[in-house]
Amino acid sequence: MSTYRELTHRGSARATVLRTVGTRERRSHLSAPRVPTVGIDIGGTKVAAGVVDADGNILEKIRAETPDKSKSPKVVENTIVELVLDLSDRHDVHAVGIGAAGWVDADRSRILFAPHLAWRNEPLRDALTARLAVPVMVDNDANTAAWGEWRFGAGRGEDHIVMITLGTGIGGAILEDGQVKRGRYGVAGEFGHMQAVPGGHRCPCGNRGCWEQYSSGNALVREARELAAAESPVAHNIIDRVGGNISEITGPLITELAREGDAMCVELLQDIGQWLGVGIANLAAALDPACFVIGGGVSAADDLLIGPARDAFRRQLTGRGYRPEAHITKAELGNEAGLVGAADLARLVARRFRRANRRRLERHERYERYAQAVRGGRV
């Protein structure tokens, strides 16, 4: 009878396998199956999907526009399923990893909140697992990016890294001893909402003075547009470039002009970089990592941003001159870090799931032998 009960609780066995992956990441990634998996990167404007091999190489990548956030979560789920099935037509996919811009619970099963999508306590993992018939891993996109950089990028060889993603806002992740630190409730690493300036700029989160209001893509664009709107003499070059349409001023344009030597754009990136260095010094005081990896779209400014960040970090670091300093480096995988990291984390889930399937098959075979013995009158 006990064997029969084991056979009839397959769903709970799968859930247990998926829940326990996080505690075994460090010792598992080296022995994970070298099979292709799909990584999914969900942002506010696009869903990117790619087949990734065991060495972090993207074998094929496709993308679709992110459905409007006013639509139901089912629409986004359908988009993910279509992309995975499309890739499955040409590749033997063993698992799917998803990096989502939002808060993911500690079990990595539900999207608690996504700022750009209509996900509120959404059971994404179980819904996709049921539809795709392969194991699915869900995590925050900064966590998957940190894992990707640790395994294949700028964090290789380091045991303690902090990932900071500079985009519209600031995301982050902590990785210690080969394990992503997600916190008790799964939402660790929201560095962008640490208060940097009491009573400062209003943040969409509802608070004032959040770090991302001073060091992010939004902060960069806001400052440039304010100078342009005031018709500041230093902004004439960028005003001419957009033909007077201030709303067309973007982060990539500011970076492009800075590389061309535009004084205002260089100064704006320096300001953003200095605020970045101040925040990193605070994180070093709290976490003491060996390395800070800077990713996200704004990091494309390279030393125009990271140079001032390093200078401010050295000036603000507590105990400076009497302690080892973490090094600050740009992410190597670029925009692919989250996708590659999600696929690699999914490979760990594939390993657990394959083992669970093998054990269930062995139990089933034992049960069949027992049933045949009963029918033959030998028991």
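## A helix across the sheet

Helix 10 (residues 263–287) lies across strand 9 (160–166), strand 10, strand 12 (291–295) and strand 13, and runs at about 150° to strand 9. Helix 11 (residues 303–316) also packs on the sheet, where it touches strand 9, strand 12 and strand 13. The direction of helix 11 makes about 170° with that of strand 13. Please keep in mind as you read on that this is a predicted model.

## The five-stranded sheet and its edges

In what order do the five strands of this open sheet come? The order is 11-10-9-12-13, and the pairing is mixed. Strand 11 (179–180) and strand 13 (327–330) stand at the edges with a single partner strand each, so one side of each has no neighbour in the sheet.

At one of these edges, strand 10 (residues 170–176) and strand 11 run antiparallel and are joined by two bridges. Glutamate 176 has glutamine 179, in strand 11, as its bridge partner.

## Strand 4 and its two partners

Now for another part of the model. Strand 4 (residues 96–100) pairs with strand 1 (residues 37–42) in the parallel sense, over five bridges. Strand 4 also pairs with strand 8 (residues 136–140), again parallel and over five bridges. As a general reminder, strands of a sheet pair through backbone hydrogen bonds, either parallel or antiparallel.

Isoleucine 98 is a handy residue to look up here. In strand 4, isoleucine 98 is the bridge partner of isoleucine 40, and isoleucine 98 also stands opposite valine 138 in strand 8.

Is strand 4 mostly covered or mostly open? Strand 4 is mostly covered, with five of its five residues buried. In a regular strand the side chains alternate between the two faces of the sheet. In strand 4, Val96, Ile98 and Ala100 point one way while Gly97 and Gly99 point the other way, and all are buried.

## Two positive phi values

If you check backbone torsions, two residues deserve a look. Asparagine 121 has a phi near 55°, a positive value in a residue other than glycine. Asparagine 121 is found in strand 7 (residues 120–122). With a relative accessible area of 42%, asparagine 121 is partly exposed.

Where does aspartate 288 lie? Aspartate 288 is in the loop between helix 10 and strand 12, and its phi is near 50°, a positive value in a residue other than glycine. That brings us back to helix 10, which lies across strand 12 among others.

Conventions. Residues are numbered from 1 along each chain as its sequence is written. This is a predicted model: local features need pLDDT of at least 70, side-chain atom pairs count only at pLDDT 80 or more; totals for chains, interfaces and linings use all residues. Side-chain values use heavy atoms; hydrogens and water are left out. Two strands pair if DSSP finds at least two bridges between them. Helices (H or I, at least four residues) and strands (E, at least two) are DSSP runs, numbered from the N terminus. Contact means heavy atoms within 4.5 Å. Axes are lines fitted to C-alpha atoms, for helices over the stretch in contact, and angles run from 0 to 180 degrees between N-to-C directions. Buried means under 20% relative accessible area, exposed over 50%, partly exposed in between (1.4 Å probe, protein chains only).
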